[in-house]
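The following note has been prepared for a colleague who has the sequence and the coordinates at hand. Please read the points in order.

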Amino acid sequence: MNNALRTTAFAAALAATFGAAYGVGRGVDPLVAAEDRPAGQHGGHDGAGEGGAEAAAAGHAPGGLQISDGGYTLALETPVVPAGVRSEIRFAVKDDSGRKVTAYRREHGKELHFILASTDLTQYRHLHPVRAADGTWSTPVDLPEAGGYRVFADFTPAAGAENLTLGADLAVSGAYRPAALPAPAAVAEVDGYRVTLGGELRAGRAGELRPSISRNGRPVTDLEPYLGAYGHLVALRAGDLAYLHVHPNEGDPGPVVSFTATAPSAGTYRLFLDFKHQGKVRTAAFTVRAAAPASDAEGHGESGSGAPAGHTH
C-alpha cells in the first residue's frame, strides 16, 4: 500500500527560516479530505514558509516570529502560567478590525494547530485547543520548567486563502534554570522506540530528512495516521525560534518517513518528530546543524554539509 502523503501548509512563514522544510512533499494525501487540502504551498503546512524556497528567496519573514501578519493578530489572553501546575492557556485570532475570527479552513482535521516550545528548545508541545463560539481558543497545559516560551498558532482563515503562522511570547513563572541545547545527534530514544535520522539539512538547498523508526531491534512498519499523515515534523531555529512544520513525502507507513527541507540559513535547528503507533503519539527530538551554502562555505572555510552529527553518507 503506497499512501501518498502531501505536505500541507503548516508553517510557510518559516520558509525564510527553514526554507522548503515545510514545502516538503508534493504528493496527494489520501487521508485528508480534498476540501481540507491547501491549494498550494503557503504559510504553514504546505510551503516552507510563505511558499517554500521561492518565498525564502523573495525575502518573506520566517513563520512564528510575528504576532501580526496578513491582517490577523494572535491575541494571547494568558501571557503567564505557573510551572508545574496544570493551567489553561486562552487566546484568540483577531482580524484587522479587532474582531475574533470564528471561521477557519480545516487543515489535517483541525481548524488550528497550536505549538508551544521553551526558548532553550528543551520543552515542546503540539496542542489542539478548543474554540468557543465567540472565537476564544483554550487548551490545558502543564509545563514542568519555568522560563521563556514561544507559542505558535498555525491556521488558515476561511475568508482568506493564505495559511499563517503567528507567534507570541509566553512566560512560565517559577525558579528558572536555563538548560543547554542538546548536542547534535542522529539517534533519539523515546518510550522504547529508537528513531534514527538519516539525510541532511542544507542551507539554501533542498535536502531529504529520513527518520527511521524501530522497536526492540525491529523496524516499525505499521505507523498509524496522525492528523492525516504518518508523521509530523516541526523545526525551530535556535536563537530566534523561527518555526516550520513539515509533512512527509509520499510513502508507506514506516519504518522510514521522508521529508524534504531547505534551511534558509546556516545554524542550529531543533527538530521534533511526532509519530503514532499502537494508538499513542510520541515525539522524538533531534538537534541538527545546517551548514552554509557551498558558495558561502568556500569563502568561510565551511564544508557545506548539513548532515546531523554522527551521520555518514
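The numbered points below concern strand pairing, aromatic pairs and nonpolar cores in what is a predicted model.

1. The sheet around S9. An open sheet is built from five strands in the order S1-S2-S4-S9-S8, with antiparallel pairing. Its edges are taken by strand S1 (68–69) and S8, each of which has a single partner strand, so one side of each is left without a neighbour in the sheet.

2. Pairing of S9 with S4. Strand S4 covers residues 87–95 and is joined to S9 in the antiparallel sense over six bridges. Within this pairing, Ser138 of S9 is the bridge partner of Arg90.

3. Pairing of S9 with S8. Strand S8 (residues 130–131) is antiparallel to S9, and two bridges connect them. Val130 is placed opposite Ser138 of S9, while Arg131 has Trp137 in S9 as its bridge partner. Ser138 is thus named in both pairings of S9, with Arg90 and with Val130. The connection between S8 and S9 is a hairpin with four residues in between, and Gly135 in the turn has a positive phi of about 95°.

4. Burial along S9. Is strand S9, residues 136–141, mostly covered or mostly uncovered? Five of its six residues are buried, so the strand is mostly covered. Trp137 is buried, at 2% relative accessibility. Thr139 also belongs to S9 and has a relative accessible area of 3%, which places this residue in the buried class. Beyond its neighbours within four places in sequence, Thr139 contacts Ser87, Glu88, Ile89, Phe114, Leu127 and Pro129.

5. The aromatic pair at Trp137. The model contains eight aromatic pairs. One of them joins Tyr104 and Trp137 in an edge-to-face arrangement, with 5.5 Å from centre to centre and 75° between the planes. This pair links distant parts of the chain, since Tyr104 sits in strand S5 (residues 104–105) and Trp137 in strand S9, 33 residues apart. Tyr104 is buried as well, its relative accessible area being 8%.

6. A stacked pair. Which arrangement do the rings of Phe152 and Tyr243 adopt? Their centres are 4.8 Å apart and their planes are at 15°, so the pair is stacked. Phe152 is in strand S10 (residues 147–157) and Tyr243 in strand S17 (residues 243–246), so this pair ties together parts that are 91 residues apart in sequence. Both Phe152 and Tyr243 are buried.

7. The aromatic cluster. Ring pairs also connect Tyr72, Phe91, Tyr104, Phe114, Trp137 and Phe155 into a cluster. Of these residues, Phe114 is in addition a contact of Thr139.

8. Strand S14 and its partners. Strand S14 (residues 207–215) runs antiparallel to strand S13 (residues 193–199), and seven bridges join them; here Tyr193 has Arg215 of S14 as its bridge partner. S14 also pairs in the antiparallel sense with strand S18 (residues 259–261), over three bridges. Leu209 finds its bridge partner in Phe259 of S18. A further antiparallel pairing, over two bridges, connects S14 to strand S15 (residues 218–219), with Pro219 as the bridge partner of Ser214. S14 and S15 form a hairpin with two residues between them, and Asn216 in that turn has a positive phi of about 55°.

9. The largest nonpolar core. Where is the largest nonpolar core centred in terms of contacts? This core has 27 residues, and those with the most contacts inside it are Leu201, Leu209, Leu271, Phe275 and Phe286. At least two residues each come from strand S12 (187–190), S13, S14, strand S16 (232–237), S18, strand S19 (267–277) and strand S20 (280–290). Leaving out residues up to four places away in sequence, Phe286 touches Ala185, Ala186, Val187, Ala188, Val195, Leu197, Tyr269, Arg270 and Leu271.

10. A separate core. Apart from the largest core lies another of 25 residues, among them Phe91, Tyr149, Phe155 and Leu166. Phe91 and Phe155 are also members of the aromatic cluster described above.

Note on methods. Residues are numbered from 1 along each chain as its sequence is written. This is a predicted model: local features need pLDDT of at least 70, side-chain atom pairs count only at pLDDT 80 or more; totals for chains, interfaces and linings use all residues. Side-chain values use heavy atoms; hydrogens and water are left out. Buried means under 20% relative accessible area, exposed over 50%, partly exposed in between (1.4 Å probe, protein chains only). Two strands pair if DSSP finds at least two bridges between them. Rings of Phe, Tyr and Trp (its six-membered ring) pair if their centres lie within 6.5 Å; planes under 30 degrees apart count as stacked, over 60 as edge-to-face and the rest as tilted. A nonpolar core is a set of buried Ala, Val, Leu, Ile, Met, Phe, Trp, Tyr and Cys residues joined through side-chain atoms within 4.5 Å. Contact means heavy atoms within 4.5 Å.
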